[in-house]
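Thanks for coming, everyone. I have one structure to show you today. Please take a look at the screen.

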Amino acid sequence: MILMQSSPLLGSGNWIGSIEEVFLAILRSDAEPSKRDSDKSSKSSQTERSSVVSSRETSTDKKAEMNLRPESLKEYIGQSRLKNLFQMSLEAAKSRGEPLDHVLLYGPPGLGKTTLARILANEMGARIHVSSGPSLERPRDIIGLLHQLEQKDVLFIDEIHRLNKIAEELLYPAIEDFMVDITSGKGHATRTLRLPIPRFTLIGATTKAGRISKALRDRFGFVHRLDFYSLEELSLIVKRACKLFSLNIDEDAVAVIAGRGRGTPRIANRLIRLVRDYVHYKNYPVITVDIAHEALDSYQVDKLGLDATDRRLLEIMIETYNGGPVGIDALAATIGEDSETVEDVYEPFLIQGGLIQRTSRGRMATPKAYQHLGRTVPAMQMNLEMLISEDGSA
Ligand SMILES: Nc1ncnc2c1ncn2[C@@H]1O[C@H](COP(=O)(O)OP(=O)(O)O)[C@@H](O)[C@H]1O
Ligand SMILES: [Mg+2]
């Protein structure tokens, strides 16, 4: 069965029974065997970075993060501009007795998009249904989800940029008019029916805002980017986690861990777990600055939060490509990764940290990258800024 968006034929007489029955009939009739599970695993098997500072979520993170996730806006650290905006919108929605407008959150992995979605549902006193773009493969997947919704529920779709066209088109009337268009039958027997669904809030999350169609993006009331966290904010996150883990830590040691956390709560939390294991193993009663350095050095995370792969990437840029400019594809091929991983996982922090510059001619290692690796900055590199402004890009 193909389900497409088309004109409503409400009350055509071909549909007998309640809306509930129609939904169930549709879901049953579309229940052909599926390869979804195997597809899903192959799709999600993107290159995994084995290092401790990958911002991608691992299954260990998932378990550990359950206990660390803040549950209210108050507990959510940093992102103050965003928090203020949501505070206002939540108040307004609640006073009108309406669900929150649809929200799109984007930004690098590990910055708190899923956490924020859960918090928004909590703050609204609403239930949350969690799904993801790649798992909504067939029309019945998305219809099934929409069917479960109750008034003011939150539907969270992670990796929303990976929704397929059909799923996306089914979502349009759902988010715009709170209607779902259902077409059944083939050829002359085709019937389309527009069914109402409860008013709900869609929260989409993505690491790739650019991959979302304009049509979908325009249907969100709020579109917000999450930024990397400052050292102060990350320090608060480290402190909070140490408290939750009942770990004794010196004030200065907090900054050591936060400083290596790449501006990313997920990584800061992971570093704390590593330090925790280390002090338990060594039987240290308190985490001091020296112990924090010692623990993190043993995991090869350096003072800027770079790991062995980051440093290798910079070394290749400097040695093989004379500091650049080098295209992302060439760079990715040389380190044996796909360009998407380099672009999504490695590069954002290196750019943020001022170690790589993106120019229209490709990526360049900055003088800071040379210095960080203990190399002399070649005279040509000094002119990088000029080169960038000539290119008109940064
Ligand atoms: N603002 C925050 N304050 C405190 N902890 C946070 C914050 N944002 C994220 N975290 C922590 O980082 C972890 C990763 O966040 P998550 O929401 O899963 O990131 P994303 O969905 O953007 O990849 C969470 O489990 C939570 O413990
Ligand atoms: Mg997430």
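I will go through the sheet, then one strand in it, then a pair of helices, and last the ligand.

A word of caution before we begin: this is a predicted model.

Start with the sheet. Five strands, or 5 if you are taking notes, make up an open sheet. Read across, the order is 2-3-6-1-7. The pairing is parallel. Now look at the edges. Strand 2, residues 128–132, stands at an edge, and so does strand 7. Each of these has a single partner strand, so one side of each has no neighbour in the sheet. How much are neighbouring strands turned against each other? On average by 15 degrees, with direction ignored.

Next, strand 1. This strand covers residues 103–106. Strand 6, residues 201–206, is joined to strand 1 by 4 bridges, and the two run parallel. Two pairs are worth finding on screen. Val103 has Ile203 as its bridge partner in strand 6. Leu105 has Ala205 as its partner in that strand. Now turn to strand 7, residues 222–225. Here too, 4 bridges make the link to strand 1, and the strands run parallel. Look for Tyr106, with Arg225 opposite in strand 7.

Where do the side chains of strand 1 go? In a regular strand, side chains alternate between the two faces of the sheet. Here is this case. Val103 and Leu105 point one way. Leu104 and Tyr106 point the other way. Are these residues buried or exposed? All are buried.

On to the helices. Take helix 9, residues 231–244, and helix 11. Their axes come within 10 Å and cross at roughly 40 degrees. That angle is neither under 35 degrees nor in the range 65 to 115, and therefore the two helices are oblique to each other. The crossing of helix 9 past helix 11 is right-handed.

Helix 11 also brings us to ligand 1. How many residues surround ligand 1? The count is 20. The closest are Glu65, Gly112, Lys113, Thr114 and Thr115. Which helices supply at least two residues of this shell? Helix 3 (59–68), helix 5 (113–124) and helix 11 (265–282) each do. By type, the shell divides into 9 nonpolar, 7 polar and 4 charged residues.

That is my tour. I am happy to take questions.

Definitions and conventions:
Residues numbered from 1 in each chain as written. Chains lettered and ligands numbered in written order. Predicted model: local features only at pLDDT ≥ 70, side-chain atom pairs only at ≥ 80, totals over all residues. Near = placed C-beta within 6 Å. Nonpolar A, V, L, I, M, F, W, Y, C, P; charged D, E, K, R; others polar. Buried ≥ 20, exposed ≤ 12 C-beta atoms within 10 Å, placed from the backbone. Pairing = 2+ DSSP bridges. Axes fitted to C-alpha atoms, helices over the stretch in contact; angles between N-to-C directions. Parallel < 35°, antiparallel > 145°, perpendicular 65-115°, else oblique. Left-handed = near helix turned anticlockwise from the far one by under 90°.
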